[in-house]
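Thanks for coming. I will go through one model today, starting with how its helices cross and then turning to its rings and a few single residues.

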Amino acid sequence: MSAMKPERMKCVRRISIEEEFNIDDENPIPPVPRGGARVKVCYAGATYSDMQVKNSGHKRPKMPGVLDTSLFPGFEVSGVVDEVCNTLTGEDIPKKGDKVVVYPGGENLPEVGYDEYIVVKDVANLIAIPPSLDMQVASLLPTGALLAYAAISKARPFVREKVQSNTGVANVLIVGGGGLGLWTLLMAKHYIGENDHQVHVTVADTSIEKLMVAKEYGCYDVIHWNDAIHEEYIRERTKDVCRGGVHVVIDFVSSPRTIKRSLKVLKEEGVLIVGGNAKYEVTFNLNTLATRNQSVLGVSRGSRKQLQELVDLYAEGTLQPPPYSVFPVAEANKVFSELGQCKISGRAILQVCPEE
C-alpha cells in the first residue's frame with residue numbers, strides 16, 4: 001500500500017527581476033516551527049525583494065508615481081493563521097483562523113516570490129487584524145507604510161515644538177515623491193490636522209509626474225529638483241518655496257546629492273531624517289552641523305509596536321491608504337510588467353489565497 005502523498009502548496013516565484021514568475025503547485029506545505037505558526041497568505045503587496053534585484057545584477061528599477069512602494073524589500077503579507085505550535089499556551093497566542101498581518105522583522109519571509117503558506121518563527125510578529133480593517137489594506141502596512149509612520153513619529157516632536165513656540169510656520173520637506181513619500185504625506189496631513197496653517201509640507205522630486213501626484217494628495221507645494229539645473233538655483237528655489245526656511249527634512253532618497261542639498265537648505269536647529277533603502281556612503285562637515293546646531297537622525301523600517309499602532313489607526317478609519325488594485329497572483333508577470341510601464345494607478349496587491 002503506497003504512502004499518502006503529502007499536502008502541496010502553490011508557489012509563484014522568480015529569482016531575479018529579469019526573469020518571469022513561474023507557478024509551481026508541487027511544493028510541500030512547510031511544517032510549523034517550534035514556538036511559531038503557519039499562515040495561509042491571502043494578500044501580498046507586489047514587491048521586489050533585495051535578492052531579486054541582486055541576482056539581476058542591476059540597481060533597483062525606477063518607477064514613477066506611487067508605484068515605487070514596490071521597491072521596498074521584504075513582503076507585505078496579510079493572511080489567516082493555519083496552525084500554531086502546540087507547545088504555545090496562553091490567551092495572547094494566536095488561534096487557528098485568526099486574521100493577521102505579519103511584521104517582517106526577524107522573519108525569513110520568502111525572498112523570491114509568493115507562497116500560499118509561510119511560517120513565522122515568533123508568533124509575537126503576528127498582529128491581529130480588527131474586523132473593521134480590510135485585509136487588503138492591512139497587507140500594505142508592514143513595509144512602506146510602516147517606514148513612513150516611523151519617520152513621521154521621529155519628526156513629530158520637532159514639528160510640535162516649532163508649532164508651540166508660535167514663531168512662524170514649520171516647514172517640512174519630504175525628499176522623494178514616490179510611494180514612501182506619499183505614505184508620509186498622508187500621515188503628516190493627519191497629524192498636522194487643525195495646525196495646517198502652521199505646518200507646511202512640501203515635496204521635492206526629480207520627476208514632475210510624481211510631484212503632480214503629490215499635489216493631488218494635498219501637499220502645501222512641490223519643488224522640481226531638476227538635476228540639469230544649476231545646484232545653487234535649486235537650493236534658492238527650495239528656500240523660496242519654504243519661506244522661513246526648512247525645519248525638518250525627511251529624505252527617502254538619501255543619496256550624496258540629496259543629503260548635501262538637504263543640509264544646505266536646512267535652517268539652524270533643523271533636523272534631517274534619513275530613511276529608505278539607499279546604501280550610499282555620505283560625508284558631511286561635522287563642524288557645520290555643530291555650529292548650526294543641526295541634527296541628523298536615521299529611521300529604520302519601524303518597530304512591531306508601531307505596526308500595531310498603525311493597524312489600530314487604520315482600523316479606526318483615522319488614516320486612509322493610497323489607491324490600490326487587487327490582482328490574482330497568477331497574473332504576477334502581467335502586474336509587474338504594467339507596474340514598470342506605469343499602467344497601474346496606485347499600489348498593486350496580489351491575492352494569493354481567498355479569504356475564506
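Before the first item, a term. A crossing of two helices is called left-handed if the near helix is turned anticlockwise from the far one by less than a right angle, and right-handed if the turn is clockwise. Keep in mind throughout that what you see is a predicted model.

Now apply the term. Helix 6 passes helix 7 in a right-handed crossing. Helix 6 covers residues 231-241 and helix 7 covers residues 256-265. Their axes are 10 Å apart, and the angle between them is about 50 degrees. That angle makes helix 6 oblique to helix 7, because an angle has to be under 35 degrees to count as roughly parallel, and has to lie from 65 to 115 to count as roughly perpendicular.

There is a second crossing to look at. Helix 3, residues 141-165, and helix 4 have axes that come within 9 Å and cross at roughly 50 degrees. So helix 3 is likewise oblique to helix 4. The handedness here is right-handed, with helix 3 passing helix 4.

Stay on helix 4, since it brings us to the rings. Which residue of helix 4 pairs with Y314 in helix 9? It is W183. Helix 4 spans residues 179-192 and helix 9 spans residues 304-315, and the two partners are 131 residues apart, so the pair links distant parts of the chain. The ring centres of W183 and Y314 lie 6.3 Å apart, and the planes are at 80 degrees, so this pair is edge-to-face; the cut-off for that class is over 60 degrees. Are these two residues buried or exposed? W183 is buried, at 1% relative accessibility, and Y314 is buried as well, with a relative accessible area of 6%. The reason for both verdicts is the cut-off: buried means under 20%.

How many aromatic pairs are there by this rule? The count comes to three. Another of them is F21 with Y114, and this pair is tilted, at 6.1 Å centre to centre with 40 degrees between the planes. F21 lies in the loop between strand 1 (8-13) and strand 2 (22-28), whereas Y114 belongs to strand 6, residues 113-115, so the pair ties together parts that are 93 residues apart in sequence. F21 and Y114 are both buried. Ring pairs also link F21 and Y114 with F336 into a cluster.

F336 has a charged neighbour too. R14 lies over the face of the F336 ring, 4.8 Å from the ring centre. A similar arrangement involves R261 and W225: the charged end of R261 sits over the W225 ring, 4.7 Å from its centre.

Next, the cysteines. How many disulfides does a search of the whole structure find? The search finds zero. As for individual cysteines, C85 counts as buried because its relative accessibility is 9%, and C219 counts as buried because its value is 6%.

Two residues deserve a look for their backbone angles. S254 is not a glycine, yet its phi is positive, about 55 degrees. S254 is in the loop between strand 12 (246-251) and helix 7, and it is buried, with a relative accessible area of 10%. E269 is also a residue other than glycine with a positive phi, near 65 degrees. The place of E269 is in strand 13, residues 266-274. Unlike S254, which is buried, E269 is exposed, at 59% relative accessible area.

Last, two pairs of positions that are separated along the chain. V213 is in helix 5, residues 208-216, and counts as buried at 17% relative accessibility. The C-alpha atoms of V213 and G177 are separated by 8.0 Å, while the two residues are 36 residues apart along the chain. The other pair starts from D221, which is in strand 11, residues 221-224. D221 is partly exposed, because its relative accessible area is 24%. D221 and L173 are 48 residues apart in sequence and 9.6 Å apart in space, C-alpha to C-alpha.

That is the end of the list. Questions can go to the floor.

Conventions:
Residues numbered from 1 in each chain as written. Predicted model: local features only at pLDDT ≥ 70, side-chain atom pairs only at ≥ 80, totals over all residues. Heavy atoms only, no water. Disulfide = S-S within 2.5 Å. Buried < 20%, exposed > 50% of the residue type's maximum accessible area, 1.4 Å probe, protein only. Phe/Tyr/Trp six-rings, centres within 6.5 Å; stacked < 30°, edge-to-face > 60°. Helix = DSSP H or I, 4+ residues; strand = E, 2+ residues; numbered from the N terminus. Lys NZ or Arg CZ within 6 Å of the ring centre and 35° of its normal. Axes fitted to C-alpha atoms, helices over the stretch in contact; angles between N-to-C directions. Parallel < 35°, antiparallel > 145°, perpendicular 65-115°, else oblique.
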